[in-house]
Amino acid sequence: MTSSKKSPSSMRWLLERANDKYIQVAKKNNIRSRAWFKIQEIDCKNKLFKLGMNIIDLGSSPGSWSQYALSKVRSTGRIIACDILPMKPIKGVEFIQGDFRNQEIFNQLLQCLKSTQFHLVLSDMAPNITGHASIDIPNAMNLCHLALKISNLTLSKKGVFLVKAFQGKGFNELYQEIKILFSKVKICKPNTSRSRSREIFILATR
């Protein structure tokens with residue numbers, strides 16, 4: 001017989017969710033996830049959004065960053081959300097589903113984007129977490145480099161790139177690569193990120 005007893009890590013995760021004020025506020029306000037509050041905090045400090053912006057949201061599902069972006073630019077710009085996972089429709093947001101690590105899918109994505117000049121590329125992409133840093137960190141770094149590649153191919157002259165990364169092996173190399181490609185680069189660690197999380201955001205402007 002298989003035991004139904006939950007592991008300590010599962011119990012901790014459930015307890016965190018039950019006590020997480022951001023999850024509770026998100027539910028009350030029809031916000032798709034607590035990630036809304038991370039982009040809101042970064043935006044409040046750095047003024048990311050302007051009317052008329054064209055925006056790419058990578059790793060968009062379940063859609064809270066796209067929700068937030070839409071609340072800022074409304075119908076004056078274009079928002080394209082992309083994810084390997086499905087995402088419930090958001091009126092005013094275009095959604096492309098696919099695994100962009102696949103070269104064929106990546107090329108299809110670029111084909112869809114090429115007719116528009118984008119002012120802001122957001123990446124909240126993260127791999128499926130195994131709990132083993134030796135696996136999770138390299139997988140996360142690969143996604144960061146993919147997001148950087150997309151930003152290089154789509155961003156306007158003074159475009160902005162915001163990417164979620166994870167502290168660990170490969171982070172310094174990623175940061176230095178971004179510094180070469182962008183004129184201004186800074187690190188953001190929102191208060192809304194869980195204290196034990198390795199996640200950190202790199203904000204770069206051309």
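Two aromatic rings, from Phe, Tyr or Trp (its six-membered ring), count as a pair here if their centres lie within 6.5 Å. With that in hand, select Trp36, Phe49 and Tyr68: ring pairs link these residues into a cluster. Keep in mind as you click around that this is a predicted model.

**Stop 1: the other rings**

The whole structure holds 5 aromatic pairs. For the next one, select Trp65 and Phe201, whose ring centres sit 6.0 Å apart; the planes meet at 35°, so this pair is tilted. Colour by secondary structure and you'll see Trp65 in helix α4 (residues 64-73) and Phe201 in strand β7 (residues 199-205), so the pair ties together parts that are 136 residues apart in sequence. Are Trp65 and Phe201 buried or exposed? Both Trp65 and Phe201 are buried.

Now hop over to Phe161 and Phe182. Their ring centres are 5.9 Å apart with planes at 20°, so call this pair stacked. Phe161 belongs to strand β5 (residues 155-166), while Phe182 is in the loop between α7 (171-181) and β6 (184-188), so here the pair ties together parts 21 residues apart in sequence. Phe161 has a relative accessibility of 0% and counts as buried. Phe182 is buried too, with a relative accessible area of 4%.

**Stop 2: who touches Phe182**

Stay on Phe182, in that loop between α7 and β6, and show its surroundings. Leaving out residues up to four places away in sequence, Phe182 touches Leu148, Ser151, Asn152, Leu155, Gly159, Phe161, Ala204, Thr205 and Arg206. Try a distance label from Phe182 to Ala204: these two are 22 residues apart along the chain, and their C-alpha atoms are separated by 6.0 Å. Then draw one from Phe182 to Val160, also 22 residues apart along the chain. That C-alpha separation comes out at 8.9 Å.

**Stop 3: Val160 and a pocket**

Val160 is your next selection, and you'll find it in strand β5. Its relative accessibility is 13%, so Val160 counts as buried, the cut-off being under 20%. Which residues does Val160 contact, once neighbours within four places in sequence are set aside? The list runs to Leu48, His119, Leu120, Val121, Leu155, Leu203, Ala204 and Thr205.

Val160 also takes you to the second largest pocket, since it is one of the lining residues nearest the centre, together with Asn46, Lys47, Leu48 and Thr205. The lining has 13 residues in total. Switch on a surface if you like: the volume of this pocket is about 210 Å³. Strands β5, β6 and β7 each supply at least two residues of the lining. How many of the lining residues are nonpolar, polar and charged? The split is 6 nonpolar, 2 polar and 5 charged.

**Stop 4: the charged network**

Time for the salt bridges, of which the whole structure has 7. Begin by selecting Glu199 and Lys38, which form a salt bridge with their closest N and O atoms 2.7 Å apart. This pair links distant parts of the chain, with Glu199 in strand β7 and Lys38 in helix α3 (residues 35-46), 161 residues apart. Glu199 and Lys38 are both buried.

Add Lys164 and Asp124 to the selection. They form a salt bridge too, the closest N and O atoms being 3.1 Å apart. Lys164 comes from strand β5 and Asp124 from the loop between β4 (118-123) and α6 (133-154), 40 residues apart. Lys164 and Asp124 are likewise buried.

What joins these selections up? Look between Glu199 and Lys164: a salt bridge forms there, with the closest N and O atoms 3.7 Å apart. Glu199 lies in strand β7 and Lys164 in strand β5, so this pair ties together parts 35 residues apart in sequence. Both Glu199 and Lys164 are buried. Show Lys38, Asp124, Lys164 and Glu199 at once and you have one network, joined by salt bridges that share partners.

**Before you close the viewer**

For a last view, keep two strands lit. On β5, pick out Val160 and then Lys164, the partner of Asp124. On β7, go back to Phe201, the ring paired with Trp65, and to Glu199, which has salt bridges to Lys38 and to Lys164.

Terms used
Residues are numbered from 1 along each chain as its sequence is written. This is a predicted model: local features need pLDDT of at least 70, side-chain atom pairs count only at pLDDT 80 or more; totals for chains, interfaces and linings use all residues. Side-chain values use heavy atoms; hydrogens and water are left out. Rings of Phe, Tyr and Trp (its six-membered ring) pair if their centres lie within 6.5 Å; planes under 30 degrees apart count as stacked, over 60 as edge-to-face and the rest as tilted. Helices (H or I, at least four residues) and strands (E, at least two) are DSSP runs, numbered from the N terminus. Buried means under 20% relative accessible area, exposed over 50%, partly exposed in between (1.4 Å probe, protein chains only). Contact means heavy atoms within 4.5 Å. On a 1 Å grid over the protein atoms alone, a cavity is a set of points where a 1.4 Å probe fits but cannot get out, and a pocket is an open set with protein on both sides within 12 Å along at least five of seven lines; lining residues have an atom within 4 Å of a point. Grid points are joined across faces, edges and corners, and a volume is the space filled by probe spheres set on the points. Ala, Val, Leu, Ile, Met, Phe, Trp, Tyr, Cys and Pro count as nonpolar, Asp, Glu, Lys and Arg as charged, and the others, Gly among them, as polar. A salt bridge is a side-chain nitrogen of Lys or Arg within 4 Å of a carboxyl oxygen of Asp or Glu.
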